[in-house]
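Me: I am new to reading protein models, and I would like a close look at a single part of this one. Could you take one residue and work outwards from there to its surroundings?

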Amino acid sequence: MSGTRKHFVTTVDELDESEHVIVDIEEREIAVFNLEGEYYGLLNYCVHQSGPACEGRLTGEVVEDEDGELSYERDGEFVCCPWHGWEFDIKSGHNLARPDEYRVPTYEIVEEGGDLYVTL
Ligand code: FES
């Protein structure tokens with residue numbers, strides 16, 4: 001039988017801004033991040049060499065404008081895999097350096113009455 005199942009993750013009160021929690025659901029480790037009150041789910045699996053991508057520190061990205069000026073943007077919206085430093089966009093799962101080639105699976109997180117759920 002196929003279909004989707006909704007799983008409780010945690011409560012809004014337990015997940016502060018810029019924090020995340022990693023939960024085991026159906027034999028997958030899924031990290032749920034709170035980025036300024038929006039919730040994002042990301043598989044805790046690095047597509048480089050299977051490291052725990054979501055256990056690393058949060059980072060931003062360096063952007064160069066048309067005049068060659070560098071700026072640091074989207075601070076805290078990327079997670080850096082602790083094994084070799086690959087960075088992934090928490091919102092989309094795309095690898096920062098090579099977004100068209102590498103991506104970590106993402107999951108929609110739904111809030112209902114102060115509880116957070118992921119549907120698989
Ligand atoms: S396993 Fe994640 S960067 Fe290598």
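Reply: In this predicted model, V118 is in contact with R5, K6, H7, V9, I25, Y107, E108 and I109, once its neighbours within four places in sequence are left aside. One of these partners, Y107, is 11 residues away from V118 in sequence, while the C-alpha atoms of V118 and Y107 are 6.8 Å apart in space. V118 counts as buried because its relative accessibility is 0%, and buried means under 20%.

The next step outwards is the strand that holds this residue. V118 has its place in strand β9, which covers residues 115-119 and is joined to β1 by 5 bridges, with β1 and β9 running antiparallel. Within this pairing, F8 has Y117 of β9 as its bridge partner. In general, strands of a sheet pair through backbone hydrogen bonds, and the pairing may be either parallel or antiparallel.

Seen more widely, β9 belongs to an open sheet of 6 strands, whose order is β1-β9-β8-β4-β3-β2 and whose pairing is antiparallel. The edge strands of this sheet are β1, at residues 6-11, and β2, at residues 20-25, and each of them pairs on one side only. From one strand to the next, the twist averages 30°.

Finally, there is the annotated region to consider. An unreviewed UniProt entry places the feature "domain: Rieske" at residues 6-118. In the model, this span is 51% strand and 0% helix, and the C-alpha atoms at its ends lie 6 Å apart.

Definitions and conventions
Residues numbered from 1 in each chain as written. Predicted model: local features only at pLDDT ≥ 70, side-chain atom pairs only at ≥ 80, totals over all residues. Heavy atoms only, no water. UniProt positions renumbered as here; feature names shortened; annotations may be inferred. Helix = DSSP H or I, 4+ residues; strand = E, 2+ residues; numbered from the N terminus. Pairing = 2+ DSSP bridges. Axes fitted to C-alpha atoms, helices over the stretch in contact; angles between N-to-C directions. Buried < 20%, exposed > 50% of the residue type's maximum accessible area, 1.4 Å probe, protein only. Contact = heavy atoms within 4.5 Å.
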